[in-house]
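Please look first at the sequence and the model, and then read on for a careful account of the pockets and sheets.

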Amino acid sequence: MHGLNQRYTVRPGGRLAGRLRVPGDKSISHRAIMFGGLAEGVTEVDGFLEGADCLATLAAFQAMGVQVETLGAGHVRVHGVGLHGLQEPAGPLDLGNSGTAMRLMAGVLAGQVFDSTMVGDASLSRRPMRRITEPLALMGARIETAQNGTPPLRVRGGQRLNGLDYAMPVASAQVKSALLLAGLYAEGETCVTEPAPTRDHTERMLTGFGYEVKRDGARICLQGGGILSGGRVEVPADISSAAFFLVGASVAPGSDLLLEHVGINPTRTGVIDILRLMGADIEVLEEREVGGEPVANLRVRHAPLHGIEIPETLVPLAIDEFPALFVAAACAEGETRLSGAAELRVKESDRIQVMADGLVALGVDAEPQADGIVIRGGELGGGTVDSHGDHRIAMAFAMAGLRAAWEIVVNDCANVETSFPGFVATACAAGLEVAVEA
Ligand code: S3P
């Protein structure tokens with residue numbers, strides 16, 4: 001993807017209006033392929049995100065003998081092979097830019113009879129993997145990382161796994177999910193305790209596939225040795241993709257936008273809470289439940305924002321939305337302070353540093369801190385920023401154009417394809433004047 005790099009040029013000003021549906025939820029789409037592949041029977045997925053990250057998971061399962069039919073427009077049919085039906089892949093599994101794919105699959109691969117290797121792109125190859133390999137090793141898994149705990153991961157098959165009772169040091173749904181997936185293959189019970197609530201799509205989907213998962217407060221447990229039963233998964237629109245539009249419409253005078261069929265799982269809605277604390281006007285309409293996940297339409301209108309101290313309890317519930325939220329803070333009156341968010345430094349890029357650099361380049365007063373940032377809102381100028389190949393940084397700075405004084409150029413945007421195929425067309429249709437050059 002880095003070969004054909006892309007640059008966004010954003011004309012200053014404008015507003016967002018109309019109605020739109022952003023692509024399917026990335027977290028749920030990954031899990032639909034994995035659980036569908038490991039289930040007995042056929043799983044039909046609607047609303048699947050055909051972005052590079054989820055397609056990497058799909059290709060990895062195909063490489064292990066799972067048949068997947070792509071029937072177009074987010075409709076895929078996964079022919080499950082059962083928990084013990086995967087086959088040894090012919091070569092390394094390439095997970096591209098996707099930390100979710102690599103970490104969750106480590107839990108699955110730890111339980112197989114065959115050896116496997118997972119590799120990723122330059123960004124993924126810098127991301128920490130000991131957070132999963134260490135607890136998996138406690139279960140009996142054998143996984144080697146590179147010397148500094150980064151990919152590639154070499155997974156030795158044929159190990160007997162035992163249940164584990166693990167208190168996670170970081171609030172990570174990826175770690176929780178990797179352990180629960182390995183727990184499917186373990187003898188006895190596997191329990192994970194989270195230090196703060198994290199997204200619970202794994203628990204919900206396991207339940208949807210007929211697998212018993214028990215939650216007692218912050219502790220989630222399952223017994224190994226059961227089976228998953230395939231069925232239907234309906235993937236809502238991704239609130240993490242909707243977030244760019246929630247911010248864009250909030251900051252651009254005259255905006256009034258309806259975002260359709262957005263997943264509003266309470267472990268994902270921190271972005272709405274934070275924006276509302278800043279003064280945003282977001283209405284949650286037509287709440288309903290679809291396939292075990294809550295969904296709603298979100299109406300967002302422009303409102304003057306003010307700076308806040310972001311409550312630390314909301315950090316894991318908005319973990320992917322901070323690039324967009326930092327742009328909101330830059331457009332807000334007064335100071336916004338974030339702390340307790342050191343995890344942002346080990347995402348697809350170091351999101352604290354890269355966002356601070358970009359905001360400063362646009363003339364904003366932004367001070368990075370070890371575990372957060374301080375942003376003093378005001379006028380945005382314009383200029384050139386670098387996304388460092390991070391999809392969410394690219395989209396966040398595109399939205400900043402709505403309030404810029406002059407043009408913004410965003411470099412290294414090709415990875416927007418990982419989570420939001422069609423972003424430029426969707427954003428233009430809503431009113432952002434953004435052009436893309438190869
Ligand atoms: C994800 C969990 C989060 C999030 C990532 C997707 C998931 O990561 O940042 O984009 O699907 O489980 P952590 O759990 O590592 O915070």
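## Pockets and sheets

In this predicted model, the largest pocket has a volume of about 510 Å³. This pocket is lined by 35 residues, and those closest to its centre are Gln174, Arg199, Ile319, Asp320 and Lys347. Two or more lining residues come from each of the helices or strands labelled α1 (26-38), α3 (99-109) and α5 (173-183). Both domains take part in the lining of the largest pocket, since at least three residues are drawn from domain 1 (7-24 + 237-437) and at least three from domain 2 (26-234).

The second largest pocket holds about 200 Å³ of space. Met205, Gly208, Arg232, Val233 and Gly291 are the residues nearest its centre, out of 15 that form its lining. Where do the lining residues of the second largest pocket come from? At least two are supplied by α6 (201-208) and at least two by β14 (232-234), and α6 gives the largest share, which is four residues. Because domain 1 (7-24 + 237-437) and domain 2 (26-234) both contribute residues to the lining, the second largest pocket lies between the two domains.

The table sets out the two pockets side by side.

| Pocket | Volume | Lining residues by class |
|---|---|---|
| Largest pocket | about 510 Å³ | 10 nonpolar, 10 polar, 15 charged |
| Second largest pocket | about 200 Å³ | four nonpolar, seven polar, four charged |

We turn now to the sheets. Strands of a sheet pair through backbone hydrogen bonds, and they may do so in a parallel or an antiparallel way.

One open sheet has four strands in the order β2-β15-β17-β16, and its pairing is mixed. At its edges lie β2 (17-20) and β16 (281-290), each of which pairs on one side only. When direction is ignored, neighbouring strands of this sheet are turned by 15° against each other on average. Helix α7 (residues 239-251) packs on this sheet and touches β2, β15 (256-263), β16 and β17, while its direction makes about 165° with that of β15. Within the sheet, β16 and β17 (residues 293-301) run antiparallel and are joined by eight bridges. Which residue of β17 is the bridge partner of Arg288? The partner is Val295.

Another open sheet is made of three strands in the order β18-β20-β19, with antiparallel pairing. Here the edge strands are β18 (335-338) and β19 (365-369), and each of them pairs on one side only. From one strand to the next, the twist of this sheet averages 10°. Helix α9 (residues 322-331) packs on the sheet, where it touches β18 and β20, and its direction makes about 25° with that of β20. A further helix, α10 (residues 351-361), lies across β19 and β20 and runs at about 165° to β19.

To follow the pairing in detail, one can look at β19 and β20 (residues 372-376), which run antiparallel and are joined by five bridges. One of the residue pairs to find in the model is Asp365 with its bridge partner in β20, Arg376.

Conventions:
Residues numbered from 1 in each chain as written. Predicted model: local features only at pLDDT ≥ 70, side-chain atom pairs only at ≥ 80, totals over all residues. Heavy atoms only, no water. Pairing = 2+ DSSP bridges. Axes fitted to C-alpha atoms, helices over the stretch in contact; angles between N-to-C directions. Contact = heavy atoms within 4.5 Å. 1 Å grid on protein atoms, 1.4 Å probe; cavity = no way out; pocket = protein on both sides within 12 Å on 5 of 7 lines; lining within 4 Å. Points joined across faces, edges and corners; volume = space filled by probe spheres on them. Nonpolar A, V, L, I, M, F, W, Y, C, P; charged D, E, K, R; others polar. Domains from an automatic or database assignment.
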